[in-house]
Amino acid sequence: MTRTVQSEHEHEYDVVVLGAGPVGENVVDRVRAAGLSAAIVESELIGGECSYWACMPSKALLRPAIARSDARRVAGLREAVDGPLDARAVLAHRNEVVGDWKDEGQVDWLDSIGVRVHRGHGRLLGERRVEVTGPEGERHVLTARHAVAVCTGSRAVLPDLPGLTGARPWTSREATSADHVPGRLIVVGGGVVGVEMATAWQALGSKVTMLVRGDGLLPRMEPFVGEHLAEALTGRGAEIRTGVSVSAVVRDGGTGPVTVVLEGGDHVEGDEVLFATGRAPRTEDIGLEKAGLEPGSWLDVDDSLRVTGSDWLYAVGDVNHRALLTHQGKYQARIAGAAIAARAQGDGSLDASGWGPYAATADHAAVPQVVFSDPEAAAVGLSLAEAEQAGHRVRAVDLDMRQVAGAGLYAQGYQGHARMVVDLDREVILGATFVGPGIGELIHSATVAVVGEVPIARLWHAVPSYPTLSEAWLRLLEAYRG
């Protein structure tokens with residue numbers, strides 16, 4: 001697989017990938033399946049952000065909270081789960097889920113499919129060439145016969161605020177890996193990370209205060225989603241303050257209580273503060289200038305994930321800013337791997353038309369997302385506002401989930417809402433949004449309907465089983481037909 005070119009420190013492969021998170025792993029998996037040789041470069045843990053500091057640990061923290069809430073909504077069971085969560089057991093299980101932040105299993109898998117792992121920091125040297133600086137300062141040069149794929153992901157961004165650096169704030173990494181439950185947690189930001197971590201740590205015993213600059217939670221989803229979540233969080237004791245901005249953070253000596261100062265002079269005190277205020281691409285020191293690109297920038301790509309203006313450089317996952325979601329990055333990786341392999345085999349003019357094997361069309365039309373809050377929220381495709389802004393003639397069809405028989409069986413006092421956005425000219429679904437307990441499992445059926453552009457008339461024949469939450473589809477279709 002590896003051929004020495006000039007010395008023991010120079011190696012040649014068909015494909016070189018920077019970043020060994022889920023996205024990079026999927027790229028090398030696809031090109032290896034197509035018969036190409038591949039190397040992957042990683043400076044941290046093989047498996048990346050999702051495996052150790054994002055998706056997996058956060059869901060391990062959230063699952064007990066959601067399971068307890070579901071149990072408390074069931075007659076005859078709620079009394080058995082009346083006590084607090086065992087925080088020590090939850091944190092220990094979280095550690096097991098992330099393999100105690102060790103990556104031997106991931107390395108073994110890459111070895112099993114014939115991918116060479118280079119530990120260290122990778123930087124572009126020029127066209128199809130990458131320099132890797134190892135942990136002991138050793139240097140290797142990797143040459144790619146066909147493609148280099150940048151899969152370095154993104155990192156949390158901290159705002160430039162007086163006192164913040166010395167206050168040792170949490171970002172998403174600290175929030176998912178903390179080994180103690182803070183008595184009082186301040187969460188700055190009302191997006192997915194803020195909502196999920198507020199849910200998890202509140203369930204583990206923290207008194208949560210959320211500081212949100214905008215009007216509500218999860219502003220990229222339909223407005224009713226944020227309303228449901230705010231009501232649920234405040235009902236469990238959280239304080240949510242909207243329309244506020246942070247002006248400074250005070251923490252003497254970087255230890256002890258932390259004070260968050262708001263514009264106007266008001267302040268909030270806590271034991272830890274989490275800033276969930278956005279992300280930036282991890283491209284600041286990977287040699288982008290050698291490819292004529294701006295260090296630290298998001299990378300523009302075509303639908304085959306090839307960087308605009310290049311015939312050898314690909315950018316897959318968060319770095320291209322198309323959809324900052326692990327499952328979407330893995331989808332892009334499958335598309336990119338297929339495109340790299342096809343071009344390596346001589347198909348220089350491959351068909352990258354919509355919904356084809358070499359086009360990440362879903363990035364534009366059908367991005368699904370589940371927020372593992374309590375209640376859960378899920379959406380795919382366009383919201384009503386997005387569809388109208390795009391110029392579609394649409395109708396929103398809404399459903400109170402209490403009209404679904406399965407919802408009342410799932411939980412006493414079930415609270416939830418569903419909406420589908422219908423293109424009136426073609427009578428297909430452009431988007432769907434759900435909020436409520438257990439609702440995340442509905443989103444794939446919605447994704448299939450949006451991706452497949454299934455006509456409403458045909459969906460009428462997709463009969464949901466009774467009595468399940470999926471009967472929401474029947475009620476939505478009935479409402480549409482009147």
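**Exercise 1. Describe the surroundings of serine 206.**

Step 1. Start with accessibility. Serine 206 has a relative accessibility of 5%, so it counts as buried. The cut-off for buried is under 20%. Keep in mind that this is a predicted model.

Step 2. Place the residue. Serine 206 sits in the loop between α7 (192–204) and β10 (207–212).

Step 3. List the neighbours. Leaving out residues up to four places away in sequence, serine 206 touches Val181, Pro182, Gly183, Leu185 and Trp201.

Step 4. Look for a polar partner. The serine 206 side chain reaches the backbone oxygen of proline 182 at 2.6 Å.

**Exercise 2. Decide how far the predictor trusts the chain, and find where confidence drops.**

Step 1. Take the overall value. The chain has a mean pLDDT of 96, and 98% of its residues reach 70 or more.

Step 2. Find the weak stretch. Over residues 1–7, pLDDT stays under 50. The model has 18 contacts beyond four places in sequence for this stretch.

**Exercise 3. How many disulfides does the structure hold? Explain the case of cysteine 151.**

Step 1. Search the whole structure. The result is 0 disulfides.

Step 2. Check cysteine 151. Its closest cysteine sulfur belongs to cysteine 50, at 14 Å, which is too far for a bond. A disulfide needs the two sulfur atoms within 2.5 Å.

Step 3. Add accessibility. Cysteine 151 is buried, at 7%. Cysteine 55 is partly exposed, with a relative accessible area of 23%.

**Exercise 4. Work out the strand order of the open sheet that contains β18.**

Step 1. Write the order. The 5 strands run β18-β19-β22-β21-β20, with antiparallel pairing.

Step 2. Name the edges. β18 (369–371) and β20 (394–400) each pair on one side only.

Step 3. Give the turn between neighbours. Ignoring direction, neighbouring strands of this sheet are turned by 15° against each other on average.

Step 4. Zoom in on one pair. β21 (residues 417–423) and β22 (residues 428–436) pair over 7 bridges, in the antiparallel sense. Valine 422 has isoleucine 429 of β22 as its bridge partner.

**Exercise 5. Which side chains of β14 are buried, and which are not?**

Step 1. Recall the rule. In a regular strand, side chains alternate between the two faces of the sheet.

Step 2. Apply it to β14 (residues 267–270). Val268 and Gly270 point to one face and are buried. His267 and Glu269 point to the other face and are not buried.

Step 3. Find the partner strand. β13 (residues 258–262) pairs with β14 over 4 bridges, in the antiparallel sense. Valine 260 stands opposite valine 268.

Step 4. Inspect the connection. The hairpin has 4 residues between the strands, and glycine 264 takes a positive phi near 105°.

**Exercise 6. Find backbone angles that deserve a second look.**

Step 1. Look for cis peptide bonds. One joins aspartate 374 and proline 375, with omega about 10°. Proline 375 is in the loop between β18 and β19 (376–381). Another joins tyrosine 466 and proline 467, with omega about -5°. Proline 467 lies in the loop between α14 (456–459) and α15 (472–481).

Step 2. Look for positive phi outside glycine. Arginine 128 has a phi of about 65°. This arginine 128 lies in the loop between β5 (121–126) and β6 (129–133). Histidine 321 also has a positive phi of about 65°. Histidine 321 is in the loop between β17 (313–315) and α9 (326–344). At 44% relative accessibility, histidine 321 is partly exposed.

Key
Residues numbered from 1 in each chain as written. Predicted model: local features only at pLDDT ≥ 70, side-chain atom pairs only at ≥ 80, totals over all residues. Heavy atoms only, no water. Buried < 20%, exposed > 50% of the residue type's maximum accessible area, 1.4 Å probe, protein only. pLDDT = per-residue confidence, 0-100. Contact = heavy atoms within 4.5 Å. Pairing = 2+ DSSP bridges. Helix = DSSP H or I, 4+ residues; strand = E, 2+ residues; numbered from the N terminus. Axes fitted to C-alpha atoms, helices over the stretch in contact; angles between N-to-C directions. Polar contact = N/O pair within 3.5 Å; in protein donor to acceptor, adjacent residues only side chain to side chain.
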